Each structure stands twice: as C-alpha cells, then as structure tokens.
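Work through these exercises with the sequence and the 3D view side by side. Try each task before reading its solution.

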Amino acid sequence: MLLLAIESSCDETAAAVLQDGVNLLSSVVDSQIQVHSPYGGIVPELASRRHIATIYPVVEQALQQAGVRLDQLDAIAATQGPGLVGSLLIGMSFAKAAAYVENLPCIGVDHMAGHLLSIFLGKDTPSFPYIALIASGGHSSIYIVHDHLSYEQIGQTRDDAAGEAFDKVAKLLGLGYPGGPVIAEKAEKGKREAISFPRAWLEADSFDFSFSGVKTAVVNFVNRAKQKNEELNIPDICASFQEAVADVLVEKTIMAARKFGIDRIVLAGGVGANQRLREHLTFRALEEDMGVFLPPKHFCTDNAAMIAIAGYHLFNSGRYEADSIEMDVYSRSPVGI
Ligand code: KG4
Ligand code: ZN
C-alpha cells in the first residue's frame, strides 16, 4: 500500500511517501525560516505564497526519492487543519487535484493526530494507551492516546503555547526566529537556577498550561535590568526560562500519567526537539518507573511523514470522506481531537 502525504499547515511545505504504514520511503521538508525570520514571526500571506512556489517541487522530490510514480499510489493524505487556512488550502488543493486525476481517495488528516502518532516513525514505539505531550508553536496539550484513531485531550494551554513563548522571548532578547533552537543553544552556557522565573501550576487537578506569565516575567526582568543599566546575561536568562517551561511541561505530563494509571509517555511537537526537555522528561519518567518514548528530533518539528502515518490508519479503517473533492480545511481542531 503506497501513500503520499502532504503537510502545509504552517511554515513548512512537506511531502512523504509511506509504504504499508510502516516503511517510510521518503520525507522532504522545505522550511520557510528564511522567509519569515526578517519579521520575527510567521507572516501568513508570505507563507501561502511560498507554499504555492514549493508544493510541486517538494512533492516531486518525495516521489522521486521514494522511486514511486503518482499512478502507483493507493491514496493521498493532506493536513486538513488546524493551521493557517491559506497555507492549508494549498496542500489540500494540490492533494485533491492529484487524487482526482489518479482516481484515488484523498484523506484529510488532523495535524495534531500526526504529532500524536509521530512516535511510530522512530525505532522504540509504545503500546496503547499512552499519555502524549504535544508542545509546539501553536499548542501545548496533553492527550490520552487510546489507539491509532482515538485521542482524548485532557489539558491544553489557556494562553501562549510553549513554542510561542520561546519565540516571543527570543524576539524580546533580539535572538531571531524561530526562538526555540536559538534559546536552547544559548541556554547550554547558562545556569538553570540563575533566575527564578514563575511556574504556572494552575489548579491542583488541572492539566492545562499557561505560559504568558513566564514570558511577562522575562520581559519585566529585562526591563528592570535595562533601567538599572545592568548587563543582561543572555545564557542565564535562556537557561532559566527554558527550565521554567520544561518543569511545568514535564510535571503536568507525569501527573497525568499517574492520575490515569498509564505508565507510557510520548513527547511530540516542535518543542519536543528541545534537548533539556527530553532529558528532564526522561529523568522524571525513570524516577516514576514510567517508560518514555521520544521521536527523532526531525520528526518533532512539522513534517509530512507523521501525516502519512495518521493518513494510513484512516485509510485502513475506511475513515475518510468518499467525496473528497468537497472536503474543506479548518483553522481550529474540531472537539475531540
Ligand atoms: O510542531 P512545530 O514544528 O510547528 C507547529 O505545529 O507549531 O513547532 C514549532 C515550534 C516553534 O515555536 C519553535 O520555536 C519550537 O517549536 N522549537 C523548539 C525547538 N525547536 C523548535 N523549542 C524549543 N527547543 C527547540 N530545540
Ligand atoms: Zn506542528
């Protein structure tokens, strides 16, 4: 069974070919970092334009690397949402057109389902059910993943997502975009305990997150230092901020695993590429006698391979719209995913 998947929900144009649901034949990602970095964040209109320019070559490259022709495919999957509508429409329209020409099913995949299943792209895979933490640029959520097709969200961010907080703090410190990788790099030379930034634990039984407080605390810290003409220790600020974010992500995830009696934890989403978060989660999970499963870093950030995994399971179970030409994209996830 050969499936082509397309991802274009945000600032990556990506395509992948998956064989029999397990064998990844190719995964191509065109990142738009250079397009958006002069603006310190994603400019939706520029994202759409870049997707239009790159979708064809990216898909062509994915097929070529896989050694597969369009007429050999059994299905095409594309991210349906959540994300930027203009960007989603480009990947989805391309997928629909190609599927129409080849008379193939076109399967709409939820981007979050892709992140939740990205762990199956690695070597070490969990059994069901597992607790998954998705920390990305748009989401910070905890899920119970019951099987390949059913996911239960038990916590989400009430304001900024973890990745968004990294991006905003990096912008404030003049470190560029995207913020996650550059903060992680600076943090390597800093002291985690140098500055005590706040941790928003919220209500005792809540698995929700809030990262706007820690972001504001960094803003205030920087402003105070500037008023006093003190020099900023960027590595210390980065290390202390990163620790505050990682602490809450890790402890809430462990708390959820304990509450639901599930001893397998999966990390996903762009912030999941953060080395300190990976180490901290691994350490805490081992302390609690829980198994921790980390996807390779390049499958944490947006890619089409994870969309292919999710698309394959929808295809296999027949859970896709027969009349896919009518399928629309969505900017926010429908309830339940
Ligand atoms: O999952 P993703 O590629 O896109 C969304 O679905 O949002 O996540 C992108 C986010 C950005 O906010 C970026 O700053 C963050 O992931 N990120 C990181 C790291 N690499 C990417 N955050 C912390 N540490 C990293 N190493
Ligand atoms: Zn994502």
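Buried means under 20% relative accessible area; exposed means over 50%. Keep in mind that this is a predicted model.

**Exercise 1. Overall build**

Task: Find what share of the 337 residues is buried, and judge whether the radius of gyration agrees with a compact globule or departs from it.

Solution.
- Step 1. Take the secondary structure. The protein has ten helices and ten strands.
- Step 2. Apply the burial cut-off. Buried residues account for 54% of the 337 residues.
- Step 3. Compare the radius of gyration. A compact globule of 337 residues would come near 20 Å, and the protein has 20 Å, so the two agree.
- Step 4. Check the extent along the principal axes. The C-alpha atoms fill a box of roughly 65 × 45 × 30 Å.
- Step 5. Turn to the surface. The protein exposes about 14,500 Å², and carbon and sulfur atoms supply 50% of that area.
- Step 6. Place the charges. There are 27 positive and 40 negative ones, and their mean positions are 7 Å apart.

**Exercise 2. Domains**

Task: State which residue ranges form each domain, and how many residues of domain 1 are in contact with domain 2.

Solution.
- Step 1. Read the assignment. Domain 1 is written in two pieces, 2-116 and 300-326, while domain 2 covers 124-294.
- Step 2. Take the spacing. The C-alpha centres of domain 1 and domain 2 lie 27 Å apart.
- Step 3. Count the contact residues. Domain 1 contributes 19 residues and domain 2 contributes 18.
- Step 4. Look at sequence range across the protein. Of contacts between residues at least 6 apart in sequence, 72% join residues at least 24 apart.

**Exercise 3. The loop between α5 and α6**

Task: Locate Leu173, decide whether Leu173 is buried or exposed, and list what Leu173 touches beyond four places in sequence.

Solution.
- Step 1. Leu173 sits in the loop between α5 (162-172) and α6 (179-187).
- Step 2. The relative accessible area of Leu173 is 11%, so Leu173 is buried.
- Step 3. Beyond four places in sequence, Leu173 touches Val222, Ile234, Ile237 and Cys238.
- Step 4. Check one of these partners. Ile237 is 64 residues away in sequence, yet the C-alpha atoms of Leu173 and Ile237 are 9.3 Å apart.
- Step 5. Stay in this loop for Pro178. A cis peptide bond joins Tyr177 and Pro178, with omega about -5 degrees.
- Step 6. Move on to helix α6, where Ala184 lies. Beyond four places in sequence, Ala184 is in contact with Gln242 and Asn274.

**Exercise 4. Backbone exceptions**

Task: Which residue does a cis peptide bond join to Gly81? Which sign does phi take at Asn103 and at Asp289?

Solution.
- Step 1. The partner of Gly81 is Pro82, and omega is about -10 degrees. Pro82 lies in the loop between β4 (75-81) and α3 (85-102).
- Step 2. Asn103 is not a glycine, but its phi is positive, about 60 degrees. Asn103 belongs to the loop between α3 and β5 (106-110).
- Step 3. Asp289 also has a positive phi, near 65 degrees, and is a residue other than glycine. Its loop runs between α9 (275-287) and β10 (291-293).
- Step 4. Check accessibility. Asn103 has 72%, so it counts as exposed. Asp289 has 66%, so it counts as exposed too.

**Exercise 5. Two buried loop residues**

Task: Where do Ile119 and Met290 lie, and what surrounds each of them beyond four places in sequence?

Solution.
- Step 1. Ile119 is in the loop between α4 (111-117) and β6 (130-135). Its relative accessible area is 0%, so Ile119 is buried.
- Step 2. The contacts of Ile119 include Asp124, Tyr130, Val266, Phe293 and Pro295.
- Step 3. Ile119 and Leu267 are 148 residues apart in sequence, with C-alpha atoms 7.9 Å apart.
- Step 4. Met290 is in the loop between α9 and β10. Its relative accessibility is 8%, so Met290 counts as buried.
- Step 5. Among the contacts of Met290 are Ile254, Ala257, Arg258 and Ile265.
- Step 6. Met290 and Ile262 are 28 residues apart in sequence and 8.3 Å apart, C-alpha to C-alpha.

Key
Residues are numbered from 1 along each chain as its sequence is written. Chains are lettered from A and ligands numbered from 1 in the order in which they are written. This is a predicted model: local features need pLDDT of at least 70, side-chain atom pairs count only at pLDDT 80 or more; totals for chains, interfaces and linings use all residues. Side-chain values use heavy atoms; hydrogens and water are left out. Helices (H or I, at least four residues) and strands (E, at least two) are DSSP runs, numbered from the N terminus. The radius of gyration is taken over C-alpha atoms; the globule rule is 2.2 Å times the number of residues to the power 0.38. Buried means under 20% relative accessible area, exposed over 50%, partly exposed in between (1.4 Å probe, protein chains only). Contact means heavy atoms within 4.5 Å. Accessible areas come from the Shrake-Rupley method with a 1.4 Å probe; for residues, only the protein chains shown count as cover. Lys and Arg count as positive and Asp and Glu as negative; His and the chain ends are not counted. The place of a charge is taken as NZ of Lys, CZ of Arg, CG of Asp or CD of Glu. Domain bounds come from an automatic or database domain assignment.
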